[in-house]
Amino acid sequence: MIYDLAIIGGGVWGSAAAQEAVRAGGKSVLLLEKGIGLAQESSAKSGGILTDLLWHPEDQEFVTRSRVLYREARELSGDASVAREFGQLTLAEREYADQLHRREADLSARGVRFEMIGKDEIERRYPNLDRLREGTVGMWTPDDWHVNPTAFAQAVVDRAREGGLTLRAGCRAETIHAEDQKVVIEAGGERFEAARVLVSAGTWSRKLVRTAGFDIAMRPYRVQLSSLQLAQPHALPIVWHLQTDVYMVPEGPQNILAGDGTRLWEHDPDDYQQTGDDEFRMNIAERLLDLSSLGDSAGLRSSWAGLGGATPDRRPLLGPLTERLFTACGDNGIGVMRGPAVGELAARVALGLAEVPHLRPDRFPPTDFEIRPGFTLD
Ligand SMILES: Cc1cc2nc3c(=O)[nH]c(=O)nc-3n(C[C@H](O)[C@H](O)[C@H](O)COP(=O)(O)OP(=O)(O)OC[C@H]3O[C@@H](n4cnc5c(N)ncnc54)[C@H](O)[C@@H]3O)c2cc1C
């Protein structure tokens, strides 16, 4: 059998692509995932923040569309964890406050709801933020969410299977061979054939397209997160502190996820340290202490690391490598918030229903480049 479209990688991007491929009328669509479950790699390790506070206008549009798709998946599955509407408070002092103020016009023009609040009002609303410095300002964005990409992937793939999607989990694609009339994938000791193939294998995508004789400018880098146990219940929204780049996400009544910047050098997705560094664990605890006395009695539950895929311009690589082989990768650490929309678009491009030439994967030579963080206002 020759599938219309084979998608390699069932993270949040690939699962969204699978949903769209079936919706758009793909008669035979195959999703190959190396894990036993869907979205167990970077997607599962993420902080799950979805925010309008991004630096690139097209990424902001992807977030707007993703919000619709997350909401739809939440309704479909009845799983409230797919998207929780906590709102986000972005904190800034000194020059960072100016950076935040500069975003006001852009957010207003796009109809994004926000409110600027001073230190006293922040402390009144969120008494747990009891160690803010004088002069701190906050931007409150009520429509920023915490999302669960694994629950999203499960919901949309379940629906796509009802529409005819074939899912092969626990099946690792080893090689891809693009021929004139079809593409052949060797995976898990089997051979699959498809008219078109979309590689959406996250930070493994570069390794996979290399087996087909192509190379792309995507470099995996390491991102860490800790889960903290608090001694008392908290009443925090999502908090992002621009100065230190620390973010906190409510995880449970007495738990928060806390993360910071990144390890900006290249890592091998098949061989990297998946636990948090000692230095990171110490730093994150100290930075929490700067913002809140909750940190005084906080304990570490666990700490882990996953990978993001950097690209030279911090935008996705999305589109054709040949007329039959496509990729969608290069999440730049903000791929959960944009994943549903980017995956949807990738499926449409792979099926010949859309074109996005400015995101073509071959727009850069596959040489080394500086890895820069994507989750920033710059
Ligand atoms: C600690 C941390 C915090 C983060 N926080 C946020 C955040 O708050 N907000 C945000 O938007 N983003 C965040 N990110 C980034 C986000 O996690 C990623 O951008 C997103 O998960 C990328 O999704 P993906 O589907 O492209 O990749 P993945 O989720 O990695 O999915 C790729 C899939 O491909 C599969 N695969 C790989 N190779 C093969 C193969 N050969 N054959 C078959 N299957 C294969 C993998 O098993 C995996 O399931 C964070 C990342 C980390 C690590």
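# A first look at this predicted model

Arginine 125 and glutamate 121 sit 4 residues apart in helix α6, which is about one turn of the helix. They make a handy way into this structure, which is a predicted model. From there, we'll look at other salt bridges, the ligand and its surroundings, and a few residues worth finding on screen. The structure holds 41 salt bridges, and the shell around the ligand counts 36 residues.

**Helix α6 and its charged side chains**

- Arginine 125 and glutamate 121 form a salt bridge, with 2.8 Å between the closest N and O atoms.
- Glutamate 121 also has a salt bridge with arginine 124, and there the closest N and O atoms are 2.8 Å apart.
- That second pair stays inside helix α6 (residues 119-125) too, with glutamate 121 and arginine 124 being 3 residues apart, or about one turn of the helix.
- How much of each residue is open to the outside? Glutamate 121 is partly exposed, at a relative accessible area of 25%.
- Arginine 125 counts as partly exposed as well, because its relative accessibility is 27%.
- Arginine 124 has 58% relative accessibility, so it counts as exposed.

**A salt bridge between distant parts of the chain**

- Which residue meets arginine 315 in a salt bridge? The partner is glutamate 58, and the two side chains come to 2.8 Å, N to O.
- This pair links distant parts of the chain, 257 residues apart.
- Arginine 315 belongs to the loop between β17 (299-310) and β18 (317-320), while glutamate 58 belongs to helix α3 (residues 57-77).
- Arginine 315 and glutamate 58 are both buried.
- Right beside it in the sequence, arginine 314 also lies in the loop between β17 and β18.
- Arginine 314 has a phi near 60°, a positive value in a residue other than glycine.
- With a relative accessibility of 8%, arginine 314 counts as buried, because the cut-off for that is under 20%.

**Around the ligand**

- Which residues come nearest to the ligand? Of the 36 around it, they are Glu33, Ser43, Asp331, Gly335 and Met337.
- Glutamate 33 places a polar side-chain atom 2.6 Å from an oxygen atom of the ligand.
- Glycine 335 uses its backbone instead, with an N or O atom 2.8 Å from an oxygen atom of the ligand.
- Methionine 337 also approaches through its backbone, where a polar atom is 2.7 Å from a ligand oxygen.
- On its own the ligand would expose 1,000 Å², and the protein buries 99% of that.
- The elements giving two or more residues to the shell are α1 (12-23), β2 (29-33), α2 (42-45), β13 (219-229), β17 and α10 (335-350).
- Sorted by class, the shell has 17 nonpolar, 13 polar and 6 charged residues.
- Two domains take part: domain 1 (2-67 + 148-217 + 313-359) and domain 2 (88-142 + 220-310) each give at least three residues to the shell.

**Threonine 51 and its contacts**

- Threonine 51 lies in the loop between β3 (49-50) and α3.
- Is threonine 51 buried or exposed? It counts as buried, because its relative accessibility is 0%.
- A polar atom of the threonine 51 side chain lies 3.0 Å from the backbone nitrogen of leucine 53.
- The side chain of threonine 51 also makes a polar contact of 2.7 Å with the side chain of aspartate 144.

**Two more residues to find**

- Aspartate 245 has a positive phi of about 65°, although it is not a glycine.
- You'll find aspartate 245 in the loop between β14 (238-241) and β15 (246-252).
- At 24% relative accessibility, aspartate 245 counts as partly exposed.
- Glutamate 115 sits in strand β6 (residues 115-118).
- Glutamate 115 counts as partly exposed, because its relative accessibility is 33%.
- The C-alpha atoms of glutamate 115 and proline 142 are separated by 8.7 Å, and the two residues are 27 apart along the chain.

How values were computed:
Residues numbered from 1 in each chain as written. Predicted model: local features only at pLDDT ≥ 70, side-chain atom pairs only at ≥ 80, totals over all residues. Heavy atoms only, no water. Salt bridge = Lys/Arg side-chain N within 4 Å of Asp/Glu carboxyl O. Buried < 20%, exposed > 50% of the residue type's maximum accessible area, 1.4 Å probe, protein only. Near = heavy atom within 4 Å. Polar contact = N/O pair within 3.5 Å; in protein donor to acceptor, adjacent residues only side chain to side chain. Areas by Shrake-Rupley, 256 points an atom, 1.4 Å probe, with all protein chains shown as cover. Nonpolar A, V, L, I, M, F, W, Y, C, P; charged D, E, K, R; others polar. Domains from an automatic or database assignment.
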